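Work through the exercises below with the sequence and the model at hand. Each task is followed by a solution in steps.

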Amino acid sequence: MSETISWKFPFKKSNEGIPKGNKTTVDVIRENLKVLLMTRKGERLLFPHIGTNISVLSGELFNSINKDEMSTKIINEITVAINNFLPDIVLNDIKLLTKEDLGYLEDTQIMIKIVYSLKNAPNFSETVGLTI
(Lines give C-alpha, C1' and ligand atoms only; values in the text may rest on other atoms or scores of the structure.)
Protein backbone atom coordinates (compact mmCIF):
# COMPACT_ATOMS: atom_id res chain seq x y z
CA MET A 1 0.00 0.00 0.00
CA SER A 2 1.34 3.43 -0.91
CA GLU A 3 1.89 6.03 1.80
CA THR A 4 -0.38 9.06 1.89
CA ILE A 5 0.00 12.12 4.09
CA SER A 6 -3.45 13.64 3.51
CA TRP A 7 -6.66 12.94 1.59
CA LYS A 8 -7.50 14.36 -1.82
CA PHE A 9 -10.78 16.22 -2.22
CA PRO A 10 -13.33 15.37 -3.33
CA PHE A 11 -12.95 11.86 -1.96
CA LYS A 12 -12.46 9.20 -4.64
CA LYS A 13 -11.80 5.55 -3.99
CA SER A 14 -8.35 4.30 -4.95
CA ASN A 15 -7.53 0.83 -6.27
CA GLU A 16 -6.52 -0.04 -2.69
CA GLY A 17 -10.08 0.55 -1.44
CA ILE A 18 -9.31 3.71 0.53
CA PRO A 19 -9.72 7.36 -0.51
CA LYS A 20 -7.03 8.68 -2.84
CA GLY A 21 -4.36 10.62 -1.01
CA ASN A 22 -1.57 13.11 -1.47
CA LYS A 23 1.87 11.56 -1.29
CA THR A 24 4.11 14.64 -1.15
CA THR A 25 4.14 17.93 0.73
CA VAL A 26 3.87 19.77 -2.59
CA ASP A 27 0.65 17.88 -3.34
CA VAL A 28 -0.72 18.71 0.12
CA ILE A 29 0.01 22.42 -0.29
CA ARG A 30 -1.62 22.47 -3.75
CA GLU A 31 -4.66 20.63 -2.38
CA ASN A 32 -4.93 22.97 0.63
CA LEU A 33 -4.76 26.00 -1.67
CA LYS A 34 -7.52 24.67 -3.94
CA VAL A 35 -9.75 23.73 -1.00
CA LEU A 36 -9.27 27.17 0.60
CA LEU A 37 -10.13 29.02 -2.60
CA MET A 38 -13.13 26.86 -3.46
CA THR A 39 -14.63 27.02 0.06
CA ARG A 40 -17.13 29.85 0.36
CA LYS A 41 -17.00 32.00 3.48
CA GLY A 42 -19.70 30.74 5.83
CA GLU A 43 -19.73 27.25 4.29
CA ARG A 44 -17.93 25.69 7.25
CA LEU A 45 -20.26 26.19 10.17
CA LEU A 46 -17.66 26.01 12.94
CA PHE A 47 -15.17 28.14 10.98
CA PRO A 48 -17.29 30.59 8.96
CA HIS A 49 -14.38 32.95 8.26
CA ILE A 50 -12.38 30.30 6.35
CA GLY A 51 -12.57 30.47 2.57
CA THR A 52 -13.24 33.15 -0.03
CA ASN A 53 -16.11 34.78 -1.83
CA ILE A 54 -14.50 34.47 -5.26
CA SER A 55 -17.36 32.35 -6.61
CA VAL A 56 -19.79 35.16 -5.74
CA LEU A 57 -17.46 37.91 -6.95
CA SER A 58 -16.68 36.11 -10.22
CA GLY A 59 -20.35 36.31 -11.19
CA GLU A 60 -20.16 40.08 -10.76
CA LEU A 61 -17.55 40.29 -13.54
CA PHE A 62 -20.30 39.83 -16.09
CA ASN A 63 -22.65 42.51 -14.77
CA SER A 64 -22.43 46.09 -15.98
CA ILE A 65 -19.69 47.01 -13.51
CA ASN A 66 -16.04 47.81 -13.96
CA LYS A 67 -14.18 44.59 -14.79
CA ASP A 68 -10.88 45.94 -13.47
CA GLU A 69 -12.48 46.90 -10.16
CA MET A 70 -14.01 43.45 -9.72
CA SER A 71 -10.75 41.74 -10.72
CA THR A 72 -9.00 43.75 -8.01
CA LYS A 73 -11.60 42.58 -5.45
CA ILE A 74 -11.13 38.93 -6.46
CA ILE A 75 -7.34 39.19 -6.31
CA ASN A 76 -7.60 40.88 -2.89
CA GLU A 77 -9.96 38.14 -1.64
CA ILE A 78 -7.44 35.46 -2.72
CA THR A 79 -4.48 37.33 -1.24
CA VAL A 80 -6.14 37.89 2.14
CA ALA A 81 -7.28 34.24 2.41
CA ILE A 82 -3.83 32.87 1.58
CA ASN A 83 -2.07 35.28 3.95
CA ASN A 84 -4.47 34.38 6.78
CA PHE A 85 -4.77 30.61 6.36
CA LEU A 86 -1.75 29.45 4.32
CA PRO A 87 1.06 31.72 5.55
CA ASP A 88 3.82 29.47 4.16
CA ILE A 89 2.74 30.33 0.60
CA VAL A 90 4.26 33.34 -1.15
CA LEU A 91 2.09 34.68 -3.97
CA ASN A 92 4.13 35.55 -7.04
CA ASP A 93 1.33 36.27 -9.52
CA ILE A 94 -2.45 36.03 -9.90
CA LYS A 95 -4.13 36.27 -13.30
CA LEU A 96 -7.84 36.28 -14.08
CA LEU A 97 -8.74 35.09 -17.57
CA THR A 98 -12.14 35.26 -19.26
CA LYS A 99 -13.55 34.01 -22.56
CA GLU A 100 -11.85 36.99 -24.22
CA ASP A 101 -8.50 35.51 -23.16
CA LEU A 102 -9.34 31.80 -23.46
CA GLY A 103 -11.92 31.03 -26.13
CA TYR A 104 -12.91 27.69 -24.62
CA LEU A 105 -14.37 29.22 -21.43
CA GLU A 106 -18.11 29.80 -21.13
CA ASP A 107 -19.33 33.40 -21.06
CA THR A 108 -19.81 33.25 -17.28
CA GLN A 109 -16.58 31.41 -16.39
CA ILE A 110 -13.23 32.74 -15.29
CA MET A 111 -9.89 30.97 -15.01
CA ILE A 112 -7.75 31.97 -12.04
CA LYS A 113 -4.04 31.22 -12.44
CA ILE A 114 -1.93 31.53 -9.32
CA VAL A 115 1.85 31.29 -9.33
CA TYR A 116 3.27 30.72 -5.87
CA SER A 117 6.38 29.65 -4.02
CA LEU A 118 7.05 28.60 -0.45
CA LYS A 119 8.74 30.65 2.27
CA ASN A 120 11.03 27.72 3.21
CA ALA A 121 11.80 26.83 -0.42
CA PRO A 122 12.23 30.04 -2.45
CA ASN A 123 13.54 28.12 -5.49
CA PHE A 124 10.32 26.11 -5.68
CA SER A 125 7.54 27.52 -7.85
CA GLU A 126 4.15 26.08 -8.76
CA THR A 127 1.17 27.22 -10.82
CA VAL A 128 -2.41 26.33 -9.94
CA GLY A 129 -5.35 27.00 -12.22
CA LEU A 130 -8.99 27.04 -11.15
CA THR A 131 -12.01 27.56 -13.35
CA ILE A 132 -15.01 29.13 -11.69
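A salt bridge here is a side-chain nitrogen of Lys or Arg within 4 Å of a carboxyl oxygen of Asp or Glu. The model is predicted.

**Exercise 1.** Find which residues are linked with Arg30 in a network of salt bridges.

Solution.
- Start with the count: the structure holds four salt bridges.
- One of them joins the side chains of Arg30 and Asp27, at 3.0 Å from N to O.
- Both residues belong to helix H1 and are three residues apart, about one turn of the helix.
- Glu126 completes the answer: Asp27, Arg30 and Glu126 are linked in a network.
- Arg30 has 21% relative accessibility and therefore counts as partly exposed, as buried means under 20%.

**Exercise 2.** Determine which parts of the chain the salt bridge between Glu77 and Lys41 ties together, and state whether each residue is buried or partly exposed.

Solution.
- The two side chains meet at 3.2 Å, N to O.
- Glu77 sits in helix H3, while Lys41 is in the loop between H1 and H2, so the pair ties together parts 36 residues apart in sequence.
- Glu77, at 14% relative accessibility, counts as buried.
- Lys41, at 39%, counts as partly exposed.

**Exercise 3.** Work out the strand order of the open three-stranded sheet and explain which strands stand at the edges.

Solution.
- E3 is joined to strand E4 (residues 111-118) by eight bridges, and the two run antiparallel. One bridge pairs Leu97 with Met111 of E4.
- E4 and E5 also pair in the antiparallel sense, over seven bridges. Here Leu118 has Ala121 in E5 as its bridge partner.
- A hairpin through two residues joins E4 to E5.
- The order is thus E3-E4-E5.
- E3 (89-97) and E5 (121-131) each have a single partner strand, so they stand at the edges and one side of each has no neighbour in the sheet.
- From one strand to the next, the twist averages 15 degrees.
- Helix H1 (residues 25-38) packs on this sheet and touches E3, E4 and E5; its direction makes about 40 degrees with that of E5.

**Exercise 4.** Identify which element gives the most residues to the largest nonpolar core.

Solution.
- This core has 24 residues; those touching the most other members are Leu33, Ile74, Ile78, Ile89, Ile112 and Tyr116.
- Two or more residues come from each of H1, helix H2 (54-60), helix H3 (67-85), E3, E4 and E5.
- H3 gives the most, with five residues.

Definitions and conventions: Residues numbered from 1 in each chain as written. Predicted model: local features only at pLDDT ≥ 70, side-chain atom pairs only at ≥ 80, totals over all residues. Heavy atoms only, no water. Pairing = 2+ DSSP bridges. Helix = DSSP H or I, 4+ residues; strand = E, 2+ residues; numbered from the N terminus. Axes fitted to C-alpha atoms, helices over the stretch in contact; angles between N-to-C directions. Contact = heavy atoms within 4.5 Å. Core = buried A, V, L, I, M, F, W, Y, C linked by side-chain atoms within 4.5 Å. Buried < 20%, exposed > 50% of the residue type's maximum accessible area, 1.4 Å probe, protein only.
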